[in-house]
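Visitor: I am new to this structure and would like a close look at a single part of it. Please show it to me before we start.

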Amino acid sequence: LASLMNDPSLLETRAYIGGKWVDGDKGTFDVTNPARGDVVAQVADLSRAQVNGAIAQAEAAQKEWAKWTGKERAAVMRKWFDLMMANQHDLGLILTAEQGKPLAEAKGEIAYGASFIEFFGEEAKRIYGEMIPGHQRDKRIMVIKQPIGVAASITPWNFPNAMITRKAGPALAAGCAFVARPAKETPLSAIVLGVLAERAGIPAGVFNVLPSSSASEIGKEFCENPAVRKLTFTGSTEVGRILLKQAADQVMKCSMELGGNAPFIVFDDADLDAAVEGAIMCKFRNNGQTCVCANRLYVQSGAYDAFAEKLRARVAAMKVGDGLKDGTDLGPLINEDAIVKVQEHIADAKAKGGEVILGGEADQKQGNFFGPTIVTGATKDMLFSTEETFGPLAPLFKFEDEDEVIALANDTIFGLASYFYAKDLARVYKVAEALEYGIVGVNTGIISTELAPFGGVKQSGLGREGSHHGIEDYLEMKYVCLSI
Ligand code: ADP
């Protein structure tokens with residue numbers, strides 16, 4: 001990997017704590033390339049005591065950082081953003097090597113991730129308060145917004161860069177200090193953010209990267225340490241529930257980006273070619289391993305056969321392989337467990353009458369590859385109706401009318417992203433309002449941008465990331481009552 005990079009010094013494996021590069025008290029853990037199975041790097045494995053020490057340093061640094069003007073914070077964040085973009089290729093290589101997604105997609109994630117640092121740096125200047133007319137003649141009501149304090153993040157492996165920047169961006173802009181525990185599968189993409197933060201002049205202790213092989217130990221420290229005032233998590237609903245319970249003991253503020261089970265609906269009046277392209281972008285991005293990937297595709301009966309055939313033809317042409325090789329459309333899945341889950345969902349669908357019209361097989365020459373798969377005749381009793389597959393499996397359900405599909409789409413504990421394709425304007429409004437989701441894509445399969453509020457309803461989470469709303473999750477409102 002280092003030999004492919006323009007600047008091999010970006011391949012750092014130590015933790016970044018209080019502006020220093022630190023080895024792990026517990027030695028190291030291996031990071032493997034999911035396409036080849038070889039060890040990419042051995043990364044510092046921190047003990048709980050080291051994480052405790054890092055939080056103390058963050059707490060001290062935060063007090064100074066909060067005194068900086070928004071404009072001063074914006075200036076160093078802009079430098080940080082510029083460095084990410086200047087090193088986009090190297091950051092992309094690191095990401096592909098540890099996560100598997102094709103290099104072009106990895107570089108896309110770097111640009112997406114960097115955009116949160118750019119955007120929220122700019123927002124640092126716009127943390128406005130408010131004057132409210134007083135309740136008595138001598139009273140003035142002033143409202144100011146202040147940073148919460150130290151924010152701790154726990155993030156997954158599917159977007160090793162962007163899941164961190166979209167939390168660290170608003171946190172730092174608000175004047176919080178940040179301690180990040182990256183997924184153990186993908187710590188290198190997080191550590192390199194520390195390298196660039198240091199080069200950009202983000203003060204020591206404001207941004208810290210804490211790799212550890214034990215998520216539950218670090219999660220406990222984050223929840224039990226009184227210096228941590230905010231927990232921000234992206235991952236499964238299952239782990240989100242555990243963290244919310246733990247965080248309850250000290251009434252910690254929490255942001256939760258949890259699982260989804262996105263419906264993707266194609267109405268008879270849709271532009272079918274556009275719907276197929278949207279479905280591909282939405283279903284197969286990151287090989288189906290995003291929390292906004294279409295999990296259930298509902299196609300109205302008049303368009304069903306044509307849509308299935310067009311989708312099959314397009315997906316059949318997609319190339320599965322090593323993300324570092326040119327021309328790869330789909331990389332490997334993250335690990336063996338991910339493959340097993342896709343296989344379970346396919347076997348279950350087949351047993352209940354579904355038909356596999358494309359793929360269905362693991363391709364285990366080397367690495368965790370799985371051919372993109374389409375199942376027709378999907379029904380409500382199949383596993384993917386209630387569970388996120390998190391892999392390259394597109395099940396096609398047939399429906400007859402609008403009310404039926406809205407009920408089916410909403411019949412889940414999740415409520416993150418949803419999508420539909422239709423042309424009728426009244427239908428567009430009606431369905432967009434009826435879907436119980438935090439995000440609705442209408443005639444598009446791609447909804448992610450730093451400019452929009454991303455987040456879920458129901459058991460998909462709490463809070464929003466991105467847009468001017470995203471910074472509110474890192475601010476406290478203070479009411480000052482002035483008597484004059
Ligand atoms: P995913 O399937 O996307 O990995 P998880 O919710 O299992 O979703 O993991 C998301 C992140 O949460 C990972 O970094 C993982 O290591 C971490 N994690 C898992 N279990 C716990 C826990 N009990 N406490 C804190 N973090 C955890």
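Visitor: Is the crossing of helix 7 and helix 8 left-handed or right-handed? Please take me through that part closely, and then place it in the rest of the chain.

Guide: This is a predicted model. The crossing of helix 7 and helix 8 is right-handed. Helix 7 covers residues 215-224 and helix 8 covers residues 237-248. The two pack at an angle of about 35 degrees, and their axes are 8 Å apart. On the side of helix 7, the contact is made by Gly219, Lys220 and Cys223. Helix 8 contributes Leu243, Gln246 and Ala247. Sorted by class, this contact has 3 nonpolar, 2 polar and 1 charged residues.

Helix 7 and helix 8 also matter for the ligand's surroundings: they are the elements that give two or more residues to the shell around the ligand. There are 14 residues around the ligand, and those that come nearest are Ala215, Gly219, Gly235, Ser236 and Val239. Gly219 is thus named twice, once in the contact with helix 8 and once among the residues nearest the ligand. By class, the shell is made up of 8 nonpolar, 5 polar and 1 charged residues.

Now for the rest of the chain. Its secondary structure comes to 13 helices and 22 strands. The C-alpha atoms fill a box of roughly 70 × 65 × 40 Å along the principal axes. A compact globule with 484 residues would have a radius of gyration near 23 Å, and the chain, at 23 Å, agrees with this.

Some of the strands form an open sheet of 7, in the order 14-17-18-13-12-19-20, with mixed pairing. Strand 14 (355-358) and strand 20 (439-442) stand at its edges; each has a single partner strand, so one side of each is left without a neighbour in the sheet. On average, neighbouring strands here are turned by 25 degrees against each other, direction ignored. Within this sheet, strand 13 (residues 294-300) and strand 18 (residues 393-399) run parallel and are joined by 4 bridges. Leucine 297 has leucine 396 in strand 18 as its bridge partner.

Another open sheet has 3 strands in the order 5-6-22, paired antiparallel. Strand 5 (130-132) and strand 22 (475-483) are its edge strands, each pairing on one side only. Between strand 6 (residues 139-147) and strand 22 there are 9 bridges. Lysine 139 stands opposite serine 483 in strand 22.

How values were computed:
Residues are numbered from 1 along each chain as its sequence is written. This is a predicted model: local features need pLDDT of at least 70, side-chain atom pairs count only at pLDDT 80 or more; totals for chains, interfaces and linings use all residues. Axes are lines fitted to C-alpha atoms, for helices over the stretch in contact, and angles run from 0 to 180 degrees between N-to-C directions. A crossing is left-handed if the near helix is turned anticlockwise from the far one by less than a right angle, and right-handed if clockwise. Two residues are in contact if their C-beta atoms, placed from the backbone, lie within 7 Å. Ala, Val, Leu, Ile, Met, Phe, Trp, Tyr, Cys and Pro count as nonpolar, Asp, Glu, Lys and Arg as charged, and the others, Gly among them, as polar. Two strands pair if DSSP finds at least two bridges between them. A residue is near a molecule or strand if its C-beta atom, placed from the backbone, lies within 6 Å of it. The radius of gyration is taken over C-alpha atoms; the globule rule is 2.2 Å times the number of residues to the power 0.38.
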